[in-house]
Amino acid sequence: MERTVLINNDVVVMGLLALILALVFSSSRSQWSPLKTFYTYVPAIFLCYFLPSLLNTFGIIDGSASNLYPVARNYFLPASLVLLTMSVDLKRLLALGPKALVMFLTGTLGVMIGGPLILYIYSLISPEQVTGTGPDALWRGLATIAGSWVGGAANQAALRETYNTPTDLFSVMVTIDIIIGNLWMAFLFFLIGNSSRLDRWLQADTRAIDEVRATVEQFQAEHKREMTLNDLMIMVGLAIGVTGLAHWLAGFVASYIGEHAPYLKTWSLDSTFLWVVILATAGGLGLSFTRARRLEGVGASKIGSGFLYILIATVGMQMNIAAIAEHWQLFFVGLFWILTHGALLFLVAKLIRAPLFFLCVGSQANIGAAASAPVVAAAFHPSLAPVGVLLAVFGYVLGTYGGYMCAEMMRLVSGG
């Protein structure tokens, strides 16, 4: 049933989102003491999610009925990946070592064991809500969150179809997924603000990360100059052009796999969006070996980050904060689930002395996938955004398989 809202014109909604982003970024640079204190504890990126969600929660807009998110996902996300990756020093990036992959897989394991564990604990508190084998069984809904938190939206949709999750239950799970996921990302940004102190506690060796930062800063300094209209149009042309090419090729690849290699569907390799992300990232990396890499000197990564924040606002406008009050028990299930994921990450990071960067990006590559993992990585330095992209793409490959295993364990816990 369509909601009655104050504004249903997407052009007006986009204007509101743009004004919110402008307000957040201008106020985050304010020297006024109350605002400086506020932004010490509340990351600007969290507000970019939260403020648009208020528009949806209070009936000003209907985020789920808007076409802005599909546009942002299909155009701005791949375009941002092109701009963020075309300035990367791939050789230096690969020198970061295996700890990035170890922390990513730890995050995946944390999601997979956290779901059944928390569901078991919840069954001891409220068994009537957990047990069941019918179409409305709670584990069927939680299975979609598992797919999202190991991989992404494509994996979530795949698991919804696999377990025939009812629409009403699925809408609740999407809201919990978005709210908990964004609260977790806000927490990660809080950690990033204290990265030096936490790296000392972890006894982490950050030399490889520091070398990547220094290399990029030196490259930027050597090629820094004023942006011209010519530069801007070249950057936009490359970003949108590669995005278009990625969509075109992704359609062929996904269709071919769907028809000739259906067994690969288990890993979501028939997802067009997955291949758009992979091909856009590959296109950006290809451009990094050309003169296009010099465009970083006029702010290519900044424009790419701007595209990502537009995506973030469109994700936020689909959140309904009121769902917390209506399904508060499930909110705590999701909260403790993600805390299990985080606790395992901190344990392993301490054992292998992994830098906070690998912990945060490995976590967000699972929980937020390609839409936000590059944002978290870029918070350390724009040059590190490709690490988030590469790990998120890996998450898409594992998402359905890992989510399926998690779902089956939750089904057993529920007695299904």
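This report walks through the overall make-up of a predicted model and then a few of its local features.

## The whole protein

Let's start with the broad view. The protein has 416 residues, and 53% of them are buried. Its secondary structure consists of 20 helices and 0 strands.

Contacts that link distant parts of the sequence come next. Taking the contacts with a separation of 6 or more, 84% are between residues 24 or more positions apart. On the outside, the protein exposes about 18500 Å², and carbon and sulfur atoms supply 65% of that area.

## Where helix 4 meets helix 13

Two packed helices are described by the angle between their axes and the distance between the axes. Helix 4 covers residues 68-85 and helix 13 covers residues 229-260; their axes are 8 Å apart and meet at an angle of about 115°. The crossing of this pair is right-handed.

If you would like to find the contact in the structure, look on helix 4 for N74, Y75, P78, A79, V82 and L83. Their partners on helix 13 are M235, L238, A239, I240, V242, T243 and H247. Sorted by class, the contact between helix 4 and helix 13 has 10 nonpolar residues, 3 polar ones and no charged ones.

## Helix 15, an enclosed helix

Helix 15 runs over residues 300-316, which makes 17 residues. From its first C-alpha to its last, helix 15 reaches 25 Å, close to the 24 Å expected at 1.5 Å a residue.

How does helix 15 sit in the rest of the structure, and how many of its residues are buried? Of its 17 residues, 15 are buried, so helix 15 is largely enclosed by the rest of the structure.

## A buried serine in a loop

Just ahead of helix 4 there is a loop that follows helix 3 (44-57), and S66 is found in this loop. With a relative accessible area of 9%, S66 is buried, because that value is under the 20% cut-off. Leaving aside residues up to four places away in sequence, S66 touches D10 and M317.

## Two loop residues with positive phi

Most residues other than glycine have a negative phi. Q203 has a positive phi, near 55°. You will find Q203 in the loop between helix 11 (195-202) and helix 12 (207-223), and at 46% relative accessibility it counts as partly exposed.

R353 also has a positive phi, near 60°. This residue is placed in the loop between helix 17 (328-352) and helix 18 (356-367). R353 has a relative accessible area of 45% and is partly exposed.

Key
Residues are numbered from 1 along each chain as its sequence is written. This is a predicted model: local features need pLDDT of at least 70, side-chain atom pairs count only at pLDDT 80 or more; totals for chains, interfaces and linings use all residues. Side-chain values use heavy atoms; hydrogens and water are left out. Axes are lines fitted to C-alpha atoms, for helices over the stretch in contact, and angles run from 0 to 180 degrees between N-to-C directions. Helices (H or I, at least four residues) and strands (E, at least two) are DSSP runs, numbered from the N terminus. A crossing is left-handed if the near helix is turned anticlockwise from the far one by less than a right angle, and right-handed if clockwise. Contact means heavy atoms within 4.5 Å. Ala, Val, Leu, Ile, Met, Phe, Trp, Tyr, Cys and Pro count as nonpolar, Asp, Glu, Lys and Arg as charged, and the others, Gly among them, as polar. Buried means under 20% relative accessible area, exposed over 50%, partly exposed in between (1.4 Å probe, protein chains only). Accessible areas come from the Shrake-Rupley method with a 1.4 Å probe; for residues, only the protein chains shown count as cover. The expected span of a helix is 1.5 Å times one less than its number of residues.
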